[in-house]
Amino acid sequence: MNSISQIPQNISEGPQSSGVPPTGNAPPSSGPQSNKRKNNPNMGAQLPPGNRTPIKQGPLSGAQSGLGDMDPENVPAQLKKEGSDWFAIFNPKVQRVLDVELFHTLDHNSVVCCVKFSGDGKYLATGCNRIAQIYDVHNGQKICVLDDTSVDKTGDLYIRSVCFSPDGKHLATGAEDKQIRIWDIRSQTISKLFPGHEQDIYSLDFSRDGRFIVSGSGDKTARVWDMVSGELLYKLAIDEPSQKDAGVTSVAISPDALYVAAGSLDKIVRVWDTRTGILLERLEGHKDSVYSVAFSPDGKTLVSGSLDKTLKLWDMSHCGRNNSSQKNQAKTTLNGHKDFVLSVAVSPDGRWVVSGSKDRGVQFWDPITAQTQFMLQGHKNSVISVALSPTGKLFATGSGDCRARLWRYYDEM
């Protein structure tokens, strides 16, 4: 492993990799101690198996399958679907209940670091170098470009997180210049700035009522902000002396707005109480940095994705009730990606967990069986971000190949 000042500096690989800066894929370090470079050239897509059902049922241990090792040219026709520059392989070990198709391709001028749908599902926001863009989901047309023209134009400035306010009137962006900008979408102007973070902003999430927003940064903190007053409500710091590489890579607010979960470089997922700022849970089990966290729609499950190539599902139904001698163990581990898991999301009905990886693949998982329904290969580089529409059977992917793509998934007839 090579030693550099950021980790992992260049998750995007493939044809575009020479032009991909130390962004556009995942957060760097929280300081000089994070001098690890992970550079696995194995870019094949692997996959375990899949089915359906809601996320809230019983625990399972993870299973692994060799779908990613199958030669697409030799996969039986009934297990494969192909487009002009993409393909999906369906798991032969489970009943096929989904189909997938490409809906729109959204070309960008740089790495697409993040994708996020609006609450009504009508719009998709993307973040890349210097700008956030908003697209009409129905026709794929770009309708808005948000660019802070007051910023020095020298060098790169990647937008690492985008998030719509629940009412759809604002877009929050988090960037490498440590600033959280709240944009008025209609006027395309900045209505608020939340300063204070000491390193890059990697993740943002609004509460469902829009009253507050949470940010996660390489400075080893998550912060809770009041959207009306702009006041910092809580600084949720990882200040354990033993955790030197604890930059926060991803944050998520539970649907009931009672909890904030944060994944970090130190392999741990932490959960705080939003009403008190008290740390409730330290979820340990990943063997490498955690890069993405997401709550299920009912809030009873938390999903995490890690550089250890796995996803884990954690039971949140008893959050904060465990005593110090009881560790909250992951109830399910999802094995199958061949490289870093960079982004995770949960479908609005809780039936599917979706992951994007440095192996360029997207996988749709059944959280009950720990099996994959299908593996999608639709990018020429790392899949840095995945998002599911809250209102319909659409999902989006953002990649180091300078593309965002909109896909449709639907029940197979």
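**Exercise 1. Determine how many residues the largest nonpolar core has and which strands supply at least two of them.**

Solution. The largest nonpolar core comprises 24 residues, and Ile-134, Leu-146, Val-162 and Leu-171 have the most contacts inside it. A nonpolar core is here a set of buried Ala, Val, Leu, Ile, Met, Phe, Trp, Tyr and Cys residues joined through side-chain atoms within 4.5 Å. Buried means under 20% relative accessible area, exposed over 50%, and partly exposed in between, with a 1.4 Å probe and protein chains only.

The structure is a predicted model, in which local features need pLDDT of at least 70, side-chain atom pairs count only at pLDDT 80 or more, and totals for chains, interfaces and linings use all residues. Residues are numbered from 1 along each chain as its sequence is written, and side-chain values use heavy atoms, with hydrogens and water left out.

Next, the strands are assigned. At least two residues of this core come from each of strand E6 (131-136), strand E7 (142-147), strand E8 (159-164) and strand E9 (170-175). E8 gives the most, with 3 residues. Helices (H or I, at least four residues) and strands (E, at least two) are DSSP runs, numbered from the N terminus.

Finally, another core of 19 residues lies apart from this one; Ala-88, Trp-352, Leu-376 and Leu-388 are among its members.

**Exercise 2. State which residues Val-162 touches, not counting residues up to four places away in sequence.**

Solution. Contact means heavy atoms within 4.5 Å. By that rule, Val-162 touches Cys-114, Val-115, Lys-116, Ala-125, Thr-126, Gly-127, Ala-132, Leu-171, Ala-172 and Thr-173. Leu-171 also belongs, with Val-162, to the residues that have the most contacts inside the largest core.

**Exercise 3. Describe where Leu-334 and Val-260 are placed, and say whether each is buried or exposed.**

Solution. Leu-334 is considered first.
- Leu-334 is part of strand E23 (residues 332-334).
- Leu-334 counts as buried because its relative accessibility is 0%.
- Leu-334 and Thr-310 are 24 residues apart along the chain, and their C-alpha atoms are separated by 5.6 Å.
- Leaving aside neighbours within four places in sequence, Leu-334 is in contact with Lys-309, Thr-310, Leu-311, Leu-313, Val-353, Trp-365 and Ala-370.

Val-260 follows.
- Val-260 lies in strand E17 (residues 259-264).
- With 1% relative accessibility, Val-260 is therefore counted as buried.
- From C-alpha to C-alpha, Val-260 and Asp-205 are 9.3 Å apart in space, and 55 residues separate them in sequence.
- Beyond residues up to four places away in sequence, Val-260 touches Val-214, Val-224, Leu-236, Ala-252, Ile-253, Arg-270, Val-271, Trp-272 and Thr-274.

For the chain as a whole, 61% of the 413 residues count as buried. Among contacts between residues at least 6 apart in sequence, 54% join residues at least 24 apart. The secondary structure comes to 0 helices and 30 strands.

**Exercise 4. Establish how many disulfides a search of the whole structure finds.**

Solution. A disulfide is a covalent bond between the sulfur atoms of two cysteines. The criterion applied is a pair of cysteine sulfur atoms within 2.5 Å. The search of the whole structure finds 0 disulfides. For Cys-113, the nearest cysteine sulfur is that of Cys-114, 5.9 Å away. Cys-113 counts as buried because its relative accessibility is 6%. Cys-144 is likewise buried, at 5% relative accessible area.

**Exercise 5. Find where Lys-220 and Cys-402, which have a positive phi, are placed.**

Solution. Lys-220 is not a glycine, yet has a positive phi of about 70 degrees. Lys-220 sits in the loop between strand E13 (212-217) and strand E14 (221-226), and at 23% relative accessibility is partly exposed. Cys-402, also not a glycine, has a positive phi of about 70 degrees. Cys-402 is in the loop between strand E29 (394-399) and strand E30 (403-411).

**Exercise 6. Characterise the lining of the largest cavity by residue class.**

Solution. On a 1 Å grid over the protein atoms alone, a cavity is a set of points where a 1.4 Å probe fits but cannot get out, and lining residues have an atom within 4 Å of a point. Grid points are joined across faces, edges and corners, and a volume is the space filled by probe spheres set on the points.

The count comes to 1 cavity of 30 Å³ or more, and the volume of the largest cavity is about 80 Å³. Its lining includes Arg-130, Leu-146, Asp-147, Lys-153 and Trp-183. E7 and strand E10 (180-184) each supply at least two lining residues.

By class, the lining has 6 nonpolar, 1 polar and 5 charged residues. Here Ala, Val, Leu, Ile, Met, Phe, Trp, Tyr, Cys and Pro count as nonpolar, Asp, Glu, Lys and Arg as charged, and the others, Gly among them, as polar.

How values were computed:
1 Å grid on protein atoms, 1.4 Å probe; cavity = no way out; pocket = protein on both sides within 12 Å on 5 of 7 lines; lining within 4 Å.
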